[in-house]
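Me: I should like to go through the charged pairs of a structure and the reasoning behind the terms applied to them. Please begin once the structure is shown.

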Amino acid sequence: MARELVYTGFMSLDGVVDSPGGTVEGHRSGGWVMETEFVPEAFSLKGEELADTTALMFGRRSYEAFAPIWRDSEDHAAYKALPKYVVSSSLADDALIDGWGEITILRSTEDIEKLKQTDGGPIYIHGSAELAQRLSDADLIDRYNLLVFPVLLGAGKSLFGRADRPKQQLRLRDSAAYANGVAKMVYDVVR
């Protein structure tokens, strides 16, 4: 049985996933997650994911942003011992951060396909919009764990590509709406 590849992230209602925490990338509204009223139960999905995650996967830019922060973060201490995979054709082995456990560079979509065939549990992709688009187009993502925020950004990196492609059917696994307008949407990809 293949390992499950799960994309997890914060998303605006119009599908933008970049700059949720503050750094401005593809639009002028960085920090849009922090500008939404904090309701603890709206983030319970993140705790559930911590218990379910057996490995992490990042694109190069997301790895470079998350690794130095998460390595020393108490909130992400459980991730330290997990295997981590960075998908990049250009990242050098000597550019990997020290002190954050086992990190492997995957160079191609084929490397990801091979990883999915290994033994083990779910692999979670954090951030990494361009990687997620590529893997979605290659039909390699098995589940989407999304916290959808009540904001329209109009610009920025989208989780989903806009190319004409075969339809991909999703099945709702779990959902909830919270007092701050955030909606949890967990979808399995139907194959």
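Reply: In this predicted model, salt bridges link E4, D52, R143, R173 and D188 in a network. The structure holds 14 salt bridges.

Me: Why is the contact between E4 and R143 called a salt bridge?

Reply: The N to O distance between the two side chains is 2.7 Å. The cut-off is a side-chain nitrogen of Lys or Arg within 4 Å of a carboxyl oxygen of Asp or Glu, so the pair qualifies. E4 lies in the segment before β1 (5–12) and R143 in strand β6 (residues 143–149), with their positions 139 residues apart in the chain.

Me: How do you know whether R143 is buried or exposed?

Reply: The relative accessible area of R143 is 5%. Buried means under 20%, and therefore R143 is buried.

Me: What makes K116 and D142 a salt bridge, and which parts of the chain does the pair link?

Reply: The closest N and O atoms of K116 and D142 are 2.8 Å apart; the limit is 4 Å, so the term applies. K116 belongs to helix α3 (residues 109–116), whereas D142 is in the loop between α4 (129–137) and β6, 26 residues apart. K116 has 7% relative accessibility and D142 has 14%. Buried means under 20%, so K116 counts as buried, and D142 likewise counts as buried.

Me: Why are R173 and D188 placed in separate classes of exposure?

Reply: R173 has 46% relative accessibility; partly exposed covers the range between 20% and 50%, so R173 counts as partly exposed. D188, at 15%, is under 20% and therefore counts as buried. Their side chains meet in a salt bridge of 2.9 Å, N to O. R173 lies in strand β7 (residues 170–177) and D188 in strand β8 (residues 183–189), so the pair ties together parts that are 15 residues apart in sequence.

Me: What makes β6 mostly covered?

Reply: Seven of the seven residues of β6 are buried. R143, N145, L147 and F149 point one way from the strand, and Y144, L146 and V148 point the other way. In a regular strand the side chains alternate between the two faces of the sheet.

Me: How do you know that β6 pairs with β1 and β8?

Reply: Two strands pair if at least two bridges are found between them. Seven bridges join β1 to β6, so these parallel strands pair; M11 has V148 in β6 as its bridge partner. β6 and β8 have six bridges, so they also pair, in the antiparallel sense. Y144 stands opposite Y187 in β8.

Note on methods: Residues are numbered from 1 along each chain as its sequence is written. This is a predicted model: local features need pLDDT of at least 70, side-chain atom pairs count only at pLDDT 80 or more; totals for chains, interfaces and linings use all residues. Side-chain values use heavy atoms; hydrogens and water are left out. Helices (H or I, at least four residues) and strands (E, at least two) are DSSP runs, numbered from the N terminus. Buried means under 20% relative accessible area, exposed over 50%, partly exposed in between (1.4 Å probe, protein chains only).
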